[in-house]
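Open the model in your viewer and keep the sequence panel beside it. We will go stop by stop, selecting a few residues each time.

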Amino acid sequence: MQNEPIRRAKDPVIRAYDGRCHECYMRLEKCFCDLIPNIDNKNFLSVIMHHRETHLTSNTANLAHLVLSNCQIYLRGLPEKPFSVESLNLETSDHVKNLFLFPHDDAITLDENFLSAYPSNTKFHLIIPDGSW
């Protein structure tokens with residue numbers, strides 16, 4: 001069974017349920033959704049998040065998902081839907097580079113030098129494990 005990405009709750013009835021906004025998860029009187037810009041990012045961002053962090057107000061992955069048009073959150077830790085790398089739909093082509101963000105002594109810095117090693121039409125798919133692993 002594949003893990004499906006989180007979908008945004010656009011229905012105002014859903015947003016008002018239990019007194020919390022179901023997009024930013026803040027109390028309705030503190031909701032800041034109308035202030036969130038929509039950024040059409042060129043590169044794709046996938047966040048792998050533990051399912052227990054989904055509704056936290058400190059959930060920065062959710063904020064990235066609300067702001068960035070090319071961003072998806074994938075849940076891990078669900079017994080009935082174990083996370084699978086296949087759910088990320090990794091594209092394998094000369095024009096897409098999949099990058100896994102993870103702290104390591106041998107990690108490569110994603111800077112101008114890194115970018116200059118690829119053609120200007122290269123798209124990057126940044127995969128980020130959210131939280132502590």
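**Stop 1: the strand pairs**

Select β1 and β2: these strands pair in the parallel sense, over six bridges. Remember as you look that this is a predicted model. Now pick out Ile48. Its bridge partner in β2 is Tyr74.

Next, select residues 44-50, which are strand β1, together with residues 123-129, which are strand β4. This pair is also joined in the parallel sense, over five bridges. Click on Phe44. Which residue is the bridge partner of Phe44 in β4? It is His125.

Add residues 96-100, strand β3. Strands β3 and β4 run parallel, and five bridges join them. Highlight Leu99, then find its bridge partner in β4, Leu126.

**Stop 2: the whole sheet**

Show the four strands together. They form an open sheet, and the order across it is β2-β1-β4-β3. The pairing is parallel. Which strands are at the edges? They are β2, residues 71-76, and β3, each of which pairs on one side only. Look at how neighbouring strands are turned against each other: the average is 20°, direction ignored. Turn on the side chains too. In a regular strand, they alternate between the two faces of the sheet.

**Stop 3: a helix on the sheet**

Select residues 60-67. This is helix α2, and it lies across β1 and β2. Compare its direction with that of β2: the helix runs at about 150° to the strand.

**Stop 4: three cysteines**

Select Cys21, Cys24 and Cys33. How many disulfides does a search of the whole structure find? It finds zero. For Cys21, the nearest cysteine sulfur belongs to Cys33, 3.5 Å away. A disulfide is a covalent bond between the sulfur atoms of two cysteines. Move to Cys24. Why is its sulfur not bonded to that of Cys33? The two sulfurs are 3.8 Å apart, so they are too far for a bond.

Are Cys21 and Cys24 buried or exposed? Cys21 counts as buried because its relative accessibility is 0%. Cys24 is buried as well, with a relative accessible area of 4%.

**Stop 5: the full chain**

Zoom out. The protein chain has three helices and four strands. Trace the chain along the sequence and you meet the pattern α-β-α-β-β-α-β. Of its 133 residues, 35% are buried. Finally, switch on the surface. The chain exposes about 9,000 Å², with carbon and sulfur atoms supplying 55% of that area.

Methods
Residues numbered from 1 in each chain as written. Predicted model: local features only at pLDDT ≥ 70, side-chain atom pairs only at ≥ 80, totals over all residues. Heavy atoms only, no water. Pairing = 2+ DSSP bridges. Helix = DSSP H or I, 4+ residues; strand = E, 2+ residues; numbered from the N terminus. Axes fitted to C-alpha atoms, helices over the stretch in contact; angles between N-to-C directions. Contact = heavy atoms within 4.5 Å. Disulfide = S-S within 2.5 Å. Buried < 20%, exposed > 50% of the residue type's maximum accessible area, 1.4 Å probe, protein only. Areas by Shrake-Rupley, 256 points an atom, 1.4 Å probe, with all protein chains shown as cover.
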